Amino acid sequence: MLFTGLECMSFSWIFFALLLVLASTAHAADVSVKGGGKERQPLNGREVYVRSCAMCHSTGTAGAPRPGRDEDWAERAKKGPAELMVSVLRGKGGMPPKGGNASLTRGEAYLALDYMLNGEK
Ligand code: HEC
(Lines give C-alpha, C1' and ligand atoms only; values in the text may rest on other atoms or scores of the structure.)
Protein backbone atom coordinates (compact mmCIF):
# COMPACT_ATOMS: atom_id res chain seq x y z
CA MET A 1 0.00 0.00 0.00
CA LEU A 2 2.77 2.36 1.03
CA PHE A 3 4.76 1.27 -2.02
CA THR A 4 1.99 2.06 -4.48
CA GLY A 5 1.45 5.38 -2.71
CA LEU A 6 5.06 6.38 -3.31
CA GLU A 7 4.96 5.23 -6.87
CA CYS A 8 1.89 7.31 -7.41
CA MET A 9 3.58 10.33 -5.89
CA SER A 10 6.69 10.04 -8.01
CA PHE A 11 4.53 9.72 -11.08
CA SER A 12 2.76 12.94 -10.27
CA TRP A 13 6.11 14.64 -9.69
CA ILE A 14 7.30 13.56 -13.12
CA PHE A 15 4.06 14.78 -14.56
CA PHE A 16 4.45 18.09 -12.76
CA ALA A 17 8.05 18.45 -13.95
CA LEU A 18 6.96 17.73 -17.50
CA LEU A 19 4.30 20.38 -17.24
CA LEU A 20 6.90 22.88 -16.03
CA VAL A 21 9.19 22.06 -18.94
CA LEU A 22 6.34 22.39 -21.40
CA ALA A 23 5.24 25.66 -19.87
CA SER A 24 8.74 27.13 -20.00
CA THR A 25 9.36 26.11 -23.62
CA ALA A 26 5.98 27.51 -24.58
CA HIS A 27 6.96 30.73 -22.86
CA ALA A 28 10.33 30.84 -24.63
CA ALA A 29 8.62 30.32 -27.98
CA ASP A 30 6.21 33.10 -27.14
CA VAL A 31 9.06 35.50 -26.39
CA SER A 32 10.88 34.66 -29.63
CA VAL A 33 7.73 35.34 -31.64
CA LYS A 34 7.42 38.77 -30.07
CA GLY A 35 11.11 39.62 -30.28
CA GLY A 36 12.01 37.86 -33.54
CA GLY A 37 12.57 39.89 -36.69
CA LYS A 38 9.95 38.81 -39.17
CA GLU A 39 7.25 37.68 -36.76
CA ARG A 40 6.61 41.00 -35.08
CA GLN A 41 3.92 43.42 -36.13
CA PRO A 42 5.22 45.87 -38.76
CA LEU A 43 5.62 49.43 -37.52
CA ASN A 44 4.00 52.39 -39.25
CA GLY A 45 5.99 55.29 -40.67
CA ARG A 46 5.65 57.56 -37.68
CA GLU A 47 6.69 54.80 -35.26
CA VAL A 48 9.77 53.95 -37.31
CA TYR A 49 10.65 57.63 -37.65
CA VAL A 50 10.31 58.25 -33.90
CA ARG A 51 12.33 55.17 -32.94
CA SER A 52 15.03 55.10 -35.59
CA CYS A 53 15.32 58.43 -37.40
CA ALA A 54 14.15 61.28 -35.15
CA MET A 55 17.26 61.31 -32.96
CA CYS A 56 19.15 62.82 -35.89
CA HIS A 57 16.50 64.16 -38.22
CA SER A 58 14.33 66.10 -35.74
CA THR A 59 17.26 68.34 -34.77
CA GLY A 60 19.32 68.11 -37.95
CA THR A 61 22.26 66.41 -36.21
CA ALA A 62 25.34 66.25 -38.47
CA GLY A 63 23.39 67.97 -41.24
CA ALA A 64 20.49 65.50 -41.35
CA PRO A 65 17.60 67.07 -43.31
CA ARG A 66 14.67 67.95 -41.03
CA PRO A 67 11.11 66.89 -41.98
CA GLY A 68 8.90 69.83 -42.96
CA ARG A 69 11.86 72.17 -43.66
CA ASP A 70 11.77 72.78 -47.38
CA GLU A 71 15.21 74.38 -47.35
CA ASP A 72 16.69 71.11 -46.03
CA TRP A 73 15.05 69.03 -48.76
CA ALA A 74 15.17 71.28 -51.83
CA GLU A 75 18.33 69.74 -53.31
CA ARG A 76 17.68 66.22 -52.06
CA ALA A 77 14.07 66.02 -53.27
CA LYS A 78 15.28 66.48 -56.86
CA LYS A 79 16.75 62.98 -56.70
CA GLY A 80 13.30 61.48 -56.26
CA PRO A 81 12.13 59.00 -53.61
CA ALA A 82 13.81 55.95 -55.18
CA GLU A 83 17.24 57.55 -55.00
CA LEU A 84 16.57 58.79 -51.45
CA MET A 85 15.52 55.26 -50.51
CA VAL A 86 18.90 53.98 -51.70
CA SER A 87 20.56 56.46 -49.32
CA VAL A 88 18.40 55.17 -46.45
CA LEU A 89 19.20 51.52 -47.17
CA ARG A 90 22.91 51.99 -47.80
CA GLY A 91 23.58 54.94 -45.51
CA LYS A 92 25.00 58.30 -46.53
CA GLY A 93 27.55 60.58 -44.89
CA GLY A 94 26.77 60.66 -41.16
CA MET A 95 23.83 58.28 -41.58
CA PRO A 96 24.41 54.52 -41.11
CA PRO A 97 22.39 52.06 -43.28
CA LYS A 98 18.68 52.11 -42.25
CA GLY A 99 19.59 54.84 -39.76
CA GLY A 100 21.53 52.20 -37.79
CA ASN A 101 18.50 49.99 -37.11
CA ALA A 102 19.30 46.81 -39.06
CA SER A 103 16.12 45.11 -37.84
CA LEU A 104 13.94 47.41 -39.96
CA THR A 105 12.43 45.81 -43.03
CA ARG A 106 12.71 47.63 -46.34
CA GLY A 107 9.00 48.34 -46.09
CA GLU A 108 9.39 49.96 -42.68
CA ALA A 109 12.36 52.03 -43.87
CA TYR A 110 10.25 53.17 -46.82
CA LEU A 111 7.33 54.11 -44.55
CA ALA A 112 9.70 56.19 -42.43
CA LEU A 113 11.04 57.95 -45.53
CA ASP A 114 7.48 58.57 -46.70
CA TYR A 115 6.58 59.97 -43.27
CA MET A 116 9.64 62.21 -43.42
CA LEU A 117 8.76 63.56 -46.84
CA ASN A 118 4.97 63.75 -46.61
CA GLY A 119 4.13 63.69 -42.89
CA GLU A 120 1.11 61.95 -41.34
CA LYS A 121 -1.55 61.00 -43.85
C1 HEC B 1 22.78 58.81 -36.89
C2 HEC B 1 21.96 59.90 -37.37
C3 HEC B 1 20.88 59.53 -38.41
C4 HEC B 1 19.87 58.61 -38.28
C5 HEC B 1 19.53 57.72 -37.09
C6 HEC B 1 19.12 58.68 -39.52
N7 HEC B 1 19.68 59.60 -40.37
FE8 HEC B 1 19.05 60.07 -42.25
N9 HEC B 1 20.60 61.34 -42.45
C10 HEC B 1 21.55 61.64 -41.48
C11 HEC B 1 22.53 62.58 -42.02
C12 HEC B 1 23.71 63.16 -41.27
C13 HEC B 1 22.13 62.82 -43.37
C14 HEC B 1 22.83 63.71 -44.39
C15 HEC B 1 23.78 62.80 -45.15
C16 HEC B 1 24.53 63.53 -46.26
O17 HEC B 1 23.88 64.08 -47.15
O18 HEC B 1 25.76 63.51 -46.20
C19 HEC B 1 20.93 62.04 -43.59
C20 HEC B 1 20.24 62.03 -44.79
C21 HEC B 1 19.04 61.37 -45.01
C22 HEC B 1 18.28 61.42 -46.23
C23 HEC B 1 18.66 62.18 -47.49
C24 HEC B 1 19.54 61.27 -48.30
C25 HEC B 1 20.05 61.87 -49.59
O26 HEC B 1 20.35 61.09 -50.52
O27 HEC B 1 20.16 63.10 -49.69
C28 HEC B 1 17.17 60.66 -46.04
C29 HEC B 1 16.07 60.40 -47.05
C30 HEC B 1 17.25 60.10 -44.71
N31 HEC B 1 18.41 60.56 -44.10
C32 HEC B 1 16.31 59.27 -44.16
C33 HEC B 1 16.45 58.64 -42.92
C34 HEC B 1 15.51 57.68 -42.40
C35 HEC B 1 14.25 57.21 -43.11
C36 HEC B 1 15.99 57.30 -41.17
C37 HEC B 1 15.37 56.30 -40.22
C38 HEC B 1 15.13 54.98 -40.72
C39 HEC B 1 17.23 58.03 -40.94
N40 HEC B 1 17.46 58.83 -42.02
C41 HEC B 1 17.99 57.90 -39.78
C42 HEC B 1 21.59 61.12 -40.20
C43 HEC B 1 20.76 60.14 -39.71
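Let me start with the ligand. Helix α2 gives the most to the shell around the ligand, with six residues. One caution before going on: this is a predicted model.

How many residues surround the ligand? There are 27. The closest are C53, C56, G93, G94 and G99. Which helices each supply at least two residues of that shell? They are α2, running 45-57, α4, running 81-90, and α5, running 106-118. By type, the shell holds 14 nonpolar residues, nine polar and four charged.

Now step back to the chain. It has five helices and zero strands. Read along the sequence, the pattern is α-α-α-α-α. The chain has 121 residues, and buried ones make up 15% of them. Next, the contacts with a separation of 6 or more. Of these, 61% join residues 24 or more positions apart.

Let's look at α5. It has 13 residues. Why does its length make sense? At 1.5 Å a residue, α5 should span 18 Å, and its end C-alpha atoms are 18 Å apart, so the two agree. Just after α5 comes G119. The phi of G119 is positive, near 70°.

Which residues of α5 are buried? They are E108, A109, L111, A112, L113, Y115 and M116. What do these buried residues pack against? They pack against α2 and α4. Both of those helices also supply residues of the ligand shell, as does α5 itself.

Take A112 as a close-up. Set aside its neighbours within four places in sequence. A112 is then in contact with G45, V48, Y49, S52 and C53. C53 is also among the closest residues to the ligand.

That brings us to the core. In soluble globular proteins, nonpolar side chains tend to be buried together. Here, the largest nonpolar core has 11 residues in all. Its members are V48, Y49, C53, V88, L104, A109, L111, A112, L113, Y115 and M116. Helices α2 and α5 each supply at least two residues of this core. Which helix gives the most to the core? It is α5, with six residues.

C53 is worth a second look on screen. This residue belongs to the largest nonpolar core. C53 is also in contact with A112.

To wrap up, keep two helices in mind. Helix α2 gives the most to the ligand shell. Helix α5 gives the most to the largest nonpolar core.

Key. Residues are numbered from 1 along each chain as its sequence is written. This is a predicted model: local features need pLDDT of at least 70, side-chain atom pairs count only at pLDDT 80 or more; totals for chains, interfaces and linings use all residues. A residue is near a molecule or strand if its C-beta atom, placed from the backbone, lies within 6 Å of it. Helices (H or I, at least four residues) and strands (E, at least two) are DSSP runs, numbered from the N terminus. Ala, Val, Leu, Ile, Met, Phe, Trp, Tyr, Cys and Pro count as nonpolar, Asp, Glu, Lys and Arg as charged, and the others, Gly among them, as polar. The expected span of a helix is 1.5 Å times one less than its number of residues. A residue is buried if 20 or more other C-beta atoms lie within 10 Å of its own, exposed if 12 or fewer, and partly exposed in between; C-beta atoms are placed from the backbone. Two residues are in contact if their C-beta atoms, placed from the backbone, lie within 7 Å. A nonpolar core is a set of buried Ala, Val, Leu, Ile, Met, Phe, Trp, Tyr and Cys residues joined through C-beta atoms within 7 Å.
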